[in-house]
Amino acid sequence: MADNTFKVSIITPERTFYEGEAEMVEFNTVEGQIGVYPKHIPLTTVIAPGICTIHEAEGQKRAAVHAGLAEVLPDKVTLLAEIAEWPEEIDLERARSAEDRARERLANKAENVDLLRAEIALKKALVRQDLKA
């Protein structure tokens, strides 16, 4: 491992999504976007739906990461995500349909609708579409 890189792992309940060396990783937390370089101070935070950008020596990799926990150590970043998807794994039509359903639920505000769940569904759909763009 070079002095200017650190290990990055993205793990979901279904698989080890990504394992590699990075110069920097960026992802969303519930408190905003964070960028991590080697030798970062230790930190544990909650992941919010968004695009995770992994800066490798050869270039960038981008993935949609939806909720979970992140552990940042000086030599390693681990994202324990509920869902992580590469752009080619995303069905754009399905994401657009999910956006429409979520917007409809939010607009109607029926008593039986969980608004927080609808807002999260909307964020996930928008992140998926943004990653494909």
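**Exercise 1.** How many residues lie between strand 1 and strand 2 in the hairpin that they form? Work this out on the predicted model, and then describe the pairing of the two strands.

*Solution.* Begin with the connection: strand 1 and strand 2 form a hairpin, and four residues lie between them. Next, take the limits of the two elements, which are residues 6-11 for strand 1 and residues 16-22 for strand 2, and note that the pairing is antiparallel and extends over six bridges. To fix the register, locate Phe6, which stands opposite Ala22 in strand 2.

**Exercise 2.** Set out the order of elements along the chain, and then trace the pairings made by strand 7 with strand 5, strand 6 and strand 8.

*Solution.* The chain holds two helices and eight strands, and from the N terminus on its elements run β-β-β-β-β-β-β-β-α-α. Strand 7 covers residues 59-73 and is joined by five bridges to strand 5 (residues 43-47), the two running antiparallel; within this pairing, Val46 has Leu69 of strand 7 as its bridge partner. Strand 6 (residues 50-56) also runs antiparallel to strand 7, with seven bridges between them, and here Gly50 has Val65 as its partner in strand 7, while a hairpin of two residues makes the connection from strand 6 to strand 7. Finally, nine bridges link strand 7 to strand 8 (residues 76-85), again in the antiparallel sense, with His66 opposite Ile83 in strand 8 and a hairpin through two residues joining strand 7 to strand 8.

**Exercise 3.** Determine how helix 1 and helix 2 are oriented with respect to each other.

*Solution.* The axes of helix 1 and helix 2 are 8 Å apart, and the helices pack at an angle of about 150 degrees. Because angles over 145 degrees count as roughly antiparallel, helix 1 is roughly antiparallel to helix 2. As for handedness, helix 1 passes helix 2 in a left-handed crossing.

**Exercise 4.** Characterise the largest pocket by its volume, by the elements that line it and by the classes of its lining residues.

*Solution.* The largest pocket encloses about 270 Å³ of space. Its lining comprises 14 residues, and those nearest the centre are Arg94, Ala95, Ala98, Arg101 and Arg128. Helix 1 (92-108) and helix 2 (115-132) each contribute at least two lining residues, with helix 1 giving the largest share, six residues. Sorted by class, the lining of this pocket consists of eight charged and six nonpolar residues, with no polar ones.

Methods. Residues numbered from 1 in each chain as written. Predicted model: local features only at pLDDT ≥ 70, side-chain atom pairs only at ≥ 80, totals over all residues. Heavy atoms only, no water. 1 Å grid on protein atoms, 1.4 Å probe; cavity = no way out; pocket = protein on both sides within 12 Å on 5 of 7 lines; lining within 4 Å. Points joined across faces, edges and corners; volume = space filled by probe spheres on them. Nonpolar A, V, L, I, M, F, W, Y, C, P; charged D, E, K, R; others polar. Pairing = 2+ DSSP bridges. Axes fitted to C-alpha atoms, helices over the stretch in contact; angles between N-to-C directions. Parallel < 35°, antiparallel > 145°, perpendicular 65-115°, else oblique. Left-handed = near helix turned anticlockwise from the far one by under 90°.
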